[in-house]
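This report goes through one protein model, from its overall make-up to a few local features. The sequence and structure come first.

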Amino acid sequence: MRKFIRKTLATGLALLMLSGSFVCFAAGLNQDAVAAHYGQYENYVLLGDSVACGYRDEVSENDAHFNDLYNETTYCRVPGSYADVIANAIIADKSMTALAGPGYRTIEMRYMLEDDFKETCTDEYLFWPSHLYAYQDQYCAECGEYLLPGSEHFRKQFKEAIAEADLITLGIGGNDWGAYLRWVIEKILRDENVADQYINDLAEAFKAGPFDLATIEKAVEIAHIAGALPALLMALPEALEYGLSNFYTNWDIMIQDIYDLNPDVTLMVVGMSDNSLKGKYYDYNGVEGEKIPVAETNEATAQAMTLIVDFIMGVGNAPMIEGAKNFGYTYVDTDGTTYVDSHPDAAGHEFIANKIIEALPSKEIYGKYSDVTPGNKYYSDIEFCLLNGILAPKSETEFGVNEVLTRGELINAVNVLNGSDDRSEDSGEVGAIAFAITLLGASVKKGFVTFFKAFTLTYKILASKSFNVGAEITKAEAAYYLNQLFGA
């Protein structure tokens, strides 16, 4: 079944051999984390956009080898990409299935995953434009069609690969607002009577590649020079909010689609980071690692960009972070990734890979308890409590996710947090108010910051139970609150 999808592996392995200096960055990985997770997964599937697939900004016009990588990143394993680093580091046979491509949005993911989405989707930019013809030369005699990404044949294989995965990394979101934002920026600059030369500059920036943070930066510089910066700053937040609305709408649906295909998969969601600012002051001469400083933009433009990027990252990552609580996947914060323009450099991909490997579920817990799987919304919280001895499992094979927390379990948890070995066997059930008060008391010994967090958490506990002081707390809910208060 995977023969077609894995056709890219041979190409990837060949490129690995041709590009030894560019491929493996194991020396910079957390070797303890690598050792802890090596061989834990067999079927690794990559989903996402250009950052996920390994699209590179630093490809030069005179470098034929890297130009091949630049043009063929769709559904391909790109040497040096974070997925490639992960596969080489922790997958025993170093294999992976690449299902990411430049330009991918949540809407393309829904198109691939939902059988009835094709009839209702009216988006004129569907599969636009960089990954539309990825398989134009791959004709399937069985189904009588070319294997375009939206074809029924490829959709079937796409879903089958996800269904068989035991590890998925998903990095997507940066393209969801881009197209709409482009129209808004162009309109603002024209309404503000920006000179034609600036409009032409902006048009060239749009032509240079995918619309991304680097292009926004160019627009901000143009607006500042032309005196249109105030209007741009006033309009951008509203435009971004509108452009992101589809992202917010599609996110939970897309995640549910993945879990419908594979309820027990370990899903790692890779957050977006402030890519344009990371690489904006450097250019590349086509040789990996040789950075050439260029002139800095003026201070007003830099400050404006910082505000815009902070807004984008905060709003863009919000549904990912919230979804981790609702669905149980792991959100991976990639702040600190180094970039060249809008895509990570080699060190940046290694950094993301390291973050993912470090965040993977512990082998000590993974697969041990029948009611604790990576798809459980409280998985990471239960893992934290089990690894630190804060909550005990019901048995060797069951944690007791939906069981009501007992007073004895709560007392024991607090004792562990306070460094005491005292144990209680009290089997009485714990209500919301008692649980909240106990957490407040336990937080006092941890200092003011923890107490303040506990005070805020107390309201959340009571609100979640509609202020019913007698409402019970399950062990899974207790794990969540304990992790929120005492976890990292």
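Of the 488 residues in the protein, 55% are buried. The model is a predicted one. Its secondary structure comprises 21 helices and eleven strands. Among contacts with a separation of 6 or more, 74% join residues 24 or more positions apart. The protein exposes about 21,800 Å², and 51% of this area comes from carbon and sulfur atoms.

Confidence is a point to keep in mind when reading the model. The average pLDDT of the protein is 76, and 64% of the residues score at least 70. Two stretches with pLDDT below 50 are listed here, with their contacts in the model.

| Stretch | pLDDT | Contacts |
|---|---|---|
| Residues 1-26 | below 50 | 61 contacts beyond near neighbours in sequence |
| Residues 276-297 | under 50 | 53 contacts beyond four places in sequence |

Two local features follow, one in the interior and one on the surface.

Helix H7 covers residues 106-113, and eight of its eight residues are buried, so the helix is largely enclosed by the rest of the structure. The buried residues of H7 include the charged-type names Glu108 and Arg110, along with Thr106, Ile107, Met109, Tyr111, Met112 and Leu113.

On the surface, Ile433, Ile437 and Val469 make a nonpolar patch of about 250 Å². Ile437 belongs to helix H19, which spans residues 432-444. Is Ile437 buried or exposed? Its relative accessibility is 52%, and because exposed means over 50%, Ile437 counts as exposed.

Conventions:
Residues numbered from 1 in each chain as written. Predicted model: local features only at pLDDT ≥ 70, side-chain atom pairs only at ≥ 80, totals over all residues. Heavy atoms only, no water. Buried < 20%, exposed > 50% of the residue type's maximum accessible area, 1.4 Å probe, protein only. Helix = DSSP H or I, 4+ residues; strand = E, 2+ residues; numbered from the N terminus. pLDDT = per-residue confidence, 0-100. Contact = heavy atoms within 4.5 Å. Patch = residues over 30% accessible without salt bridge, like charges linked within 9 Å, V, L, I, M, F, W, Y side chains within 5 Å. Areas by Shrake-Rupley, 256 points an atom, 1.4 Å probe, with all protein chains shown as cover. Salt bridge = Lys/Arg side-chain N within 4 Å of Asp/Glu carboxyl O.
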